[in-house]
Amino acid sequence: MIKNKILDQDIMWGASTSAYQVEGAYNQDGKGMSVQDIRSVPEGTTDFKVAADHYNRFEEDIALFKELGLQSYRFSIAWTRILPDGVGEPNLAGIAFYHRLLDQLAAAGIAPIVTVFHFDLPAALSQNGGWSNRQTIVAFEQYCALLFREYGEKVKYWLTINEQNMMTLVGPKLYGGKKTMKEIYQENHHMFVAQARVTRMYHQGNFPGVIGPAPNIAQAYPASAEPEDQLAAQYFNAFRNWFYLDAAVYGLYNHQVMTILEKLDAVPEITEQDRVDMREGCCDYIALNYYNTMSVEANSDEVTAEDGDQQRGLGLKEFFKSVKNPFLETTEFGWEIDPLGFKTTLHEVASRYHLPIMVTENGLGAKDELTEDFRIHDPYRIDYLKRHIDMLQQARDEGVKVIAYCPWSAIDLVSTHEGMRKRYGLIYVHRDEFDLKDLNRYRKDSFYWYQRFIATGKL
Ligand code: BG6
């Protein structure tokens, strides 16, 4: 079977981006507005209008990816380039753009890994209630049907939703929403159903590829050996990680999370048909984004959450509260660095779900400096990647099946909430937060390091 063959393959060394963070051209060639185009960004950070201007420079970028030796490239399709209002008439220029991108990747010998939805819901759907409206499930199905029809022969690896867990856990907090927990978990449920229906549709269409989710997965440690902390870590892991994978892999609601949702008065309405859809739309593989582990302790006080983002500061009264791990160093943006936790996380996911794993994000955000002779010395990023790949290799040697490793990010792009100054790329983009300069591309030291690693297999 084609599917088994695809999932049996050896690891592909790749890199990642997402449409709204890299493409720019926010209103070019008929593209509609997404929630990212119209949201207010934190003061002092850029918006996403130009980003890395990849839309207009993708040929040059793919030539660089080829020189780098990438075997796979994980990117996302902007829903609003394909369907400007989320539904209705397709935008032919947008469809043609991704054909050109895919053809260029094929010519470069790079396998595309395509995320269908990466944080950029069409604004028109959002104005009609977004994921709280069941019509968005239908819109998502129609959008995906169009993508499978158009690109089904060119794409072997599909990813449904990027970091649904982060959209649910931190999205409303980061973007100043005033939703109740009940509303948030109803939206989350609709995303589960949408993902399952699209997965089932893909399977029924007998396309020559595989499909899976792409949550942000990170093992949480108990802060101490106190039994209360152990239980807190278990609840936290269920709430942040397993809830999303249990739904994608088995089509089931995690029982510990149901307990939490009952306490929060946030149990969503689930129809009988939703349950059937979820059971019938189970994924072929698991893609995951890993940045760092978290540590939690029991939470009996009033603190519900610190000032957090996707990698720190989550708390839920009566269940858990994240704390700093004194054994770990942090990046200059305050994220802990835990390569061994990567191995732990991979083992945990492999033993829980027994499916091949694809790493779709892993990397270090930093304030890179461009020297006068146009070089970027980023030993901190090389060190991060080296230590994580080392752990990945150890996990593989010990039996974890990993089909791709795609660090974040192939090229500099705009961070989700820290603008352009938090860079992740192997390739530098010459622009600042607000000064667009010439947007030229420069190879960072990490580019040469990863290039050598891919060519020789040596760390
Ligand atoms: C993941 C997202 O949460 O982390 C990416 O899928 C994001 O879109 C990445 O850019 C790094 O986070 P940040 O906030 O530093 O950009």
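In this predicted model, a polar side-chain atom of glutamine 21 sits 2.7 Å from an oxygen atom of the ligand. Two histidines make contacts of this kind as well: an N or O atom in the side chain of histidine 118 lies 2.9 Å from a ligand oxygen atom, and for histidine 417 the corresponding distance is 3.4 Å. The ligand on its own has 380 Å² of accessible area, and the protein covers 100% of this.

The surroundings of the ligand can be described further. There are 16 residues around the ligand, and those that come nearest are Gln21, Glu163, Thr416, Lys422 and Tyr424. Sorted by class, the shell holds eight polar, five nonpolar and three charged residues.

Turning to the strands, an open sheet of four strands is found, with the order β6-β8-β10-β9 and mixed pairing. Strands β6 and β9 (315–316) stand at the edges with a single partner strand each, so one side of each has no neighbour in the sheet.

The pairings can be followed across this sheet from β6. Strand β6 (residues 220–222) runs parallel to strand β8 (residues 294–297), and three bridges join them; here proline 222 has valine 296 of β8 as its bridge partner. Strand β8 then pairs with strand β10 (residues 320–323) in the antiparallel sense, again over three bridges, with serine 295 partnered by valine 323 in β10. Finally, β9 and β10 run antiparallel and are joined by two bridges; in this pair, the bridge partner of glycine 315 is lysine 321 of β10.

Technical notes
Residues numbered from 1 in each chain as written. Predicted model: local features only at pLDDT ≥ 70, side-chain atom pairs only at ≥ 80, totals over all residues. Heavy atoms only, no water. Pairing = 2+ DSSP bridges. Near = heavy atom within 4 Å. Polar contact = N/O pair within 3.5 Å; in protein donor to acceptor, adjacent residues only side chain to side chain. Areas by Shrake-Rupley, 256 points an atom, 1.4 Å probe, with all protein chains shown as cover. Nonpolar A, V, L, I, M, F, W, Y, C, P; charged D, E, K, R; others polar.
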